[in-house]
Amino acid sequence: MNQVMRLLFGWSLILTILFSSVRIVAFDASFYAQFYEKTKLADELGVSNQDLNKSMAMMLDYITGKRSNMDGTMVRDGHVVQIYNAKEKAHMKDVRQLYQNVMLALKICVGILIAVPCLFYIRERTMKKVIANCCVGFFQSLLCFGVFLLVIGFWALTDFTDFWIKFHELFFTNDLWLLDPRTDFMIEICPEALFSSLILRIVVVMLAGFVPCALFSIWYMKRKAPIGYSL
């Protein structure tokens, strides 16, 4: 029973860090603004920087529930046009649902992170054993996740396009995500280079969460853990 609870705690902490990292990075409007400024994408697309940033902000606000639709216009090549078409809006409806599911999973993970230590305390009656169990669970789970992350990272670095296609096929049951740059503005403002940079930043933020937790686990198990507990 202790091992199940350890792994439940460990994976919940990992998913909490993962989901939080995605939320922090993916919805940082300044990241997109800096990318657009650096790549001069607005000039390439025939729109103003203001409209380009407004288009991305509209998408992010819709996903997070800050707005109920993605209706809006912009000036492109001297003409007033709708920013997103019906197909793009339908796809983002699926993305919005996916985001809501992830946020629900995040709340569940946080609940587990609170509940499991409490259950450990009821069983063990000492905080040293509670912390030791949590450290062991996190470290064991992190080793498994690390292997998974290395495989995914190598795949993304060697063939990002294939990785990105398989990612969408895993999470979406339709082909609405197959956007056409000739007709869909969304794919133009979200080039592959942007997603590559986004994923790299997410990994960096995740490591900023994983490394301190891993170092603390190692230190605690070496210096403070009761006899009989080891990584």
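## A walk through the predicted chain

Arg-125 sits in the loop between α5 (86-124) and α6. Since this is a predicted model, everything below is read from computed coordinates. Arg-125 makes a handy way in, as its backbone has a positive phi of about 65° even though the residue is not a glycine. As for the side chain, Arg-125 has 62% relative accessibility and so counts as exposed, the cut-off being over 50%.

Asp-77 gives us another case of this kind of backbone. Its phi is positive too, at about 55°, and again we're not dealing with a glycine. Asp-77 belongs to the loop between β1 (73-76) and β2 (79-82). With a relative accessibility of 59%, Asp-77 counts as exposed.

Now step back and take in the whole chain. The secondary structure adds up to 9 helices and 2 strands. Follow the sequence and you get the order α-α-α-α-β-β-α-α-α-α-α. Along the principal axes, the C-alpha atoms fill a box of roughly 75 × 35 × 30 Å. Of the 231 residues, 39% are buried. About 13200 Å² of the protein chain is exposed, and carbon and sulfur atoms supply 65% of that area.

How do the parts of the chain meet? Take the contacts between residues at least 6 apart in sequence: 76% of them join residues at least 24 apart.

Lys-128 offers a concrete look at contacts across the sequence. This lysine lies in helix α6, and at 47% relative accessibility it counts as partly exposed. Leaving aside residues up to four places away in sequence, Lys-128 touches Tyr-220, Lys-224 and Pro-226. Take Tyr-220: 92 residues separate it from Lys-128 in sequence, yet C-alpha to C-alpha the two are 9.4 Å apart in space.

Next, the aromatic rings. A search of the whole structure turns up 14 aromatic pairs. One of them joins Phe-145 and Phe-210: the ring centres are 5.6 Å apart and the planes meet at 65°, so the pair is edge-to-face, a label that needs an angle over 60 degrees. Phe-145 lies in helix α6 (residues 127-158) and Phe-210 in helix α9 (residues 192-223), so this pair ties together parts of the chain that are 65 residues apart in sequence. Are these two rings buried or exposed? Phe-145 is buried, with a relative accessible area of 5%, and Phe-210 also counts as buried, at 5% relative accessibility.

Ring pairs also build up a cluster, linking Trp-155, Phe-163, Trp-164, Phe-167, Phe-171 and Phe-195.

Let's finish with some empty space. Rolling a probe the size of a water molecule over the atoms reveals where such space is left. The second largest pocket has a volume of about 190 Å³. Which residues line the second largest pocket? They are Arg-23, Phe-27, Ala-29, Ala-57, Leu-60, Asp-61, Thr-64, Lys-66 and Tyr-99. Helix α4 (residues 49-64) gives the most to this lining, with 4 residues. By chemical type, the lining divides into 5 nonpolar, 1 polar and 3 charged residues.

Note on methods: Residues are numbered from 1 along each chain as its sequence is written. This is a predicted model: local features need pLDDT of at least 70, side-chain atom pairs count only at pLDDT 80 or more; totals for chains, interfaces and linings use all residues. Side-chain values use heavy atoms; hydrogens and water are left out. On a 1 Å grid over the protein atoms alone, a cavity is a set of points where a 1.4 Å probe fits but cannot get out, and a pocket is an open set with protein on both sides within 12 Å along at least five of seven lines; lining residues have an atom within 4 Å of a point. Grid points are joined across faces, edges and corners, and a volume is the space filled by probe spheres set on the points. Ala, Val, Leu, Ile, Met, Phe, Trp, Tyr, Cys and Pro count as nonpolar, Asp, Glu, Lys and Arg as charged, and the others, Gly among them, as polar. Buried means under 20% relative accessible area, exposed over 50%, partly exposed in between (1.4 Å probe, protein chains only). Contact means heavy atoms within 4.5 Å. Accessible areas come from the Shrake-Rupley method with a 1.4 Å probe; for residues, only the protein chains shown count as cover. Rings of Phe, Tyr and Trp (its six-membered ring) pair if their centres lie within 6.5 Å; planes under 30 degrees apart count as stacked, over 60 as edge-to-face and the rest as tilted.
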